[in-house]
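Open the structure in your viewer and keep the sequence panel beside it. The stops below say what to select and what is there.

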Amino acid sequence: PLENTGPQIKKLPQELIDKIAAGEVVQRPSAAVKELIENCLDAGSSEISVGLVQGGLKQLIVEDNGSGIHKDDFPLLCERFATSKINEFNDLQSLVSFGFRGEALASISFVSNLKITSRKPNSDLGYKASFKNGVMLGEEPEAVNCTEGTTVDVQDLFFNYDARRKSLNVNEEKKRVLKLIGQFAMHHAKLRFKFKSDNQIQFSSHSVLGSTELQRREQIMQQITKIADKSFTSCESESTEYQVKFKGTFSNIGATKKYKEITLFINNRLVECESIKKAVERSYQSCYQSIHEEEGGYFCYLSLEMNPKNLDPNVHPTKKEVKFLFEYEIAKEIESWIFENLKNCGVIKQLSANI
Ligand code: ADP
Ligand code: MG
């Protein structure tokens, strides 16, 4: 009697498959911004500006001065799994670009009204097209006058995804994007980033004056945190055994109470890694303990450079996690390296109340 009850298995229509996948890649406005900034970086841009209206839900624009998009590539831009960045599976072993899945623009086109304008540096004209559900609207992109580089204009994000849109909060999204841009600015200290929200400038590294990358990074970190001058320590190290180089800028002991933040880049990818986060936390804890200080906060930038063969970037659709060899050993090394450096820098005694 049970034979004919219950739903039957059927294959979902392609559009629904694509929309489900899109919701996973573009979880929220900041996830879209991250993908779009990575595209700007892949295009070799030196200036990247991001603008939000209503936390990116009404509009989200990312503009760069990079290598641009050829007219002939427009029809494929938003096709899922279409990319200019890899050719075969083995390319993942030596990946230098951020993108490789060819999913970001496609995903965005399923959950928004998307317009892309681009001009290659050696071309007199730019081109512009709108996209919907993975396809370009119209026969051909329209020729337009525009500046060199690419502008991606995302409007009405999640207009067709009610549950998602309702779960997002404008201020929270703005905060997340601000944090994200600061993180990219720290790592790519020589590039210029600008972020506007509802037409007000929230962050700009255009006025950062330092000439070396390191000076600029420290200045950017100060600008973000308002932590006092000379309260950061920068250092580098290397483990030949595990083929990894470490580079970091850390707030000194006593420099902040407000922050407990670690920004981690592995092979230039902004990622999260629990074991390394814990290692940094432990080095601060031990340092505070060893000098009998009340526990305080930290604001850290850490960048690891490892043999790409030891790293697998393809473990998460948003690429926010990576897998790598010797994770435990590397975390241990980081812990003692940071501890030593922090200890040698002493304590910043003058704590201002809420920094
Ligand atoms: P992926 O980055 O994984 O290739 P995307 O969907 O993010 O996938 O982008 C698809 C393609 O569009 C890229 O491979 C690239 O050729 C082109 N593209 C996207 N954004 C830009 C940009 N800002 N500048 C130049 N080309 C871009
Ligand atoms: Mg991409």
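## First stop: a hairpin

Select Leu-114 and look across to β4, where its bridge partner is Phe-131. This is a predicted model. Extend the selection to all of β3 (residues 113–119) and β4 (residues 126–132). The two strands are antiparallel and joined by five bridges. They make up a hairpin, with six residues between them.

Is β3 open to its surroundings or enclosed? Because five of its seven residues are buried, β3 is largely enclosed by the rest of the structure.

## The other neighbour of β3

Now add β7 (149–155). β3 also runs antiparallel to β7, and seven bridges join these two strands. Two opposite pairs can be picked out: Asn-113 faces Gln-155 of β7, and Arg-119 faces Gly-149 of β7.

Keep Gln-155 selected and show β2 (59–64). Gln-155 is also the bridge partner of Gln-59. β2 and β7 are antiparallel, with five bridges between them. As background, strands of a sheet pair through backbone hydrogen bonds, in either a parallel or an antiparallel sense.

## Gly-68

From β2, move into the loop that leads to α3 and select Gly-68. Why does Gly-68 count as buried? It has 23 C-beta neighbours inside 10 Å, and the cut-off for a buried residue is 20 or more.

Next, show what Gly-68 touches beyond four places in sequence: Ser-118, Arg-119, Lys-120, Pro-121, Glu-148, Gly-149 and Thr-150. Arg-119 and Gly-149 were met above as an opposite pair of β3 and β7. To check one distance, pick the C-alpha atoms of Gly-68 and Glu-148: they are separated by 7.1 Å, although the residues are 80 apart along the chain.

## Ligand 1

Select ligand 1 and the residues around it. How many residues surround ligand 1? There are 22, and the closest are Asn-39, Ala-43, Thr-83, Gly-99 and Ala-104. The elements giving two or more residues to this shell are α2 (29–42) and α3 (104–110). Colour the shell by residue class to see eight nonpolar, nine polar and five charged residues.

## Two residues with positive phi

Most residues other than glycine have a negative phi. The next two selections have positive values.

- Asp-156 is in the loop between β7 and α4 (162–167). Its phi is near 55°, and it is not a glycine. With 15 C-beta neighbours inside 10 Å, Asp-156 counts as partly exposed.
- Asn-199 is in the loop between β8 (192–197) and β9 (200–204). Its phi is positive, at about 70°, and this residue is not a glycine either. Asn-199 is exposed, having 8 other C-beta atoms within 10 Å.

## Helix α5

Select helix α5, residues 170–187. What span should its 18 residues have at 1.5 Å a residue? The expected value is 26 Å, and the C-alpha atoms at its ends are 26 Å apart, which agrees. The buried residues in α5 are Glu-173, Lys-174, Val-177, Leu-180, Ile-181, Gly-182, Phe-184, Ala-185, Met-186 and His-187. When looking down the axis, recall that an α-helix has 3.6 residues a turn, so residues three or four places apart point the same way.

## The five-stranded sheet

Show β10 through β14. These five strands form an open sheet with mixed pairing, in the order β10-β11-β14-β12-β13. At the edges are β10 (232–239) and β13 (269–271), each of which pairs on one side only. From one strand to the next, the twist averages 20°.

Zoom in on β10 and β11 (residues 244–251), which pair in the antiparallel sense over eight bridges. Select Phe-232 in β10. Opposite Phe-232, in β11, is Ser-251; their C-alpha atoms are 4.4 Å apart, while the two residues are 19 apart in sequence. Phe-232 counts as buried because it has 24 C-beta neighbours inside 10 Å. Leaving out residues up to four places away in sequence, Phe-232 touches Glu-218, Met-221, Thr-249, Phe-250, Ser-251 and Asn-252.

For the last selection, add helix α8 (residues 327–345), which lies across β10 and β11. The helix runs at about 140° to β10.

How values were computed: Residues numbered from 1 in each chain as written. Chains lettered and ligands numbered in written order. Predicted model: local features only at pLDDT ≥ 70, side-chain atom pairs only at ≥ 80, totals over all residues. Near = placed C-beta within 6 Å. Helix = DSSP H or I, 4+ residues; strand = E, 2+ residues; numbered from the N terminus. Nonpolar A, V, L, I, M, F, W, Y, C, P; charged D, E, K, R; others polar. Pairing = 2+ DSSP bridges. Axes fitted to C-alpha atoms, helices over the stretch in contact; angles between N-to-C directions. Contact = placed C-beta atoms within 7 Å. Expected span 1.5 Å × (residues − 1). Buried ≥ 20, exposed ≤ 12 C-beta atoms within 10 Å, placed from the backbone.
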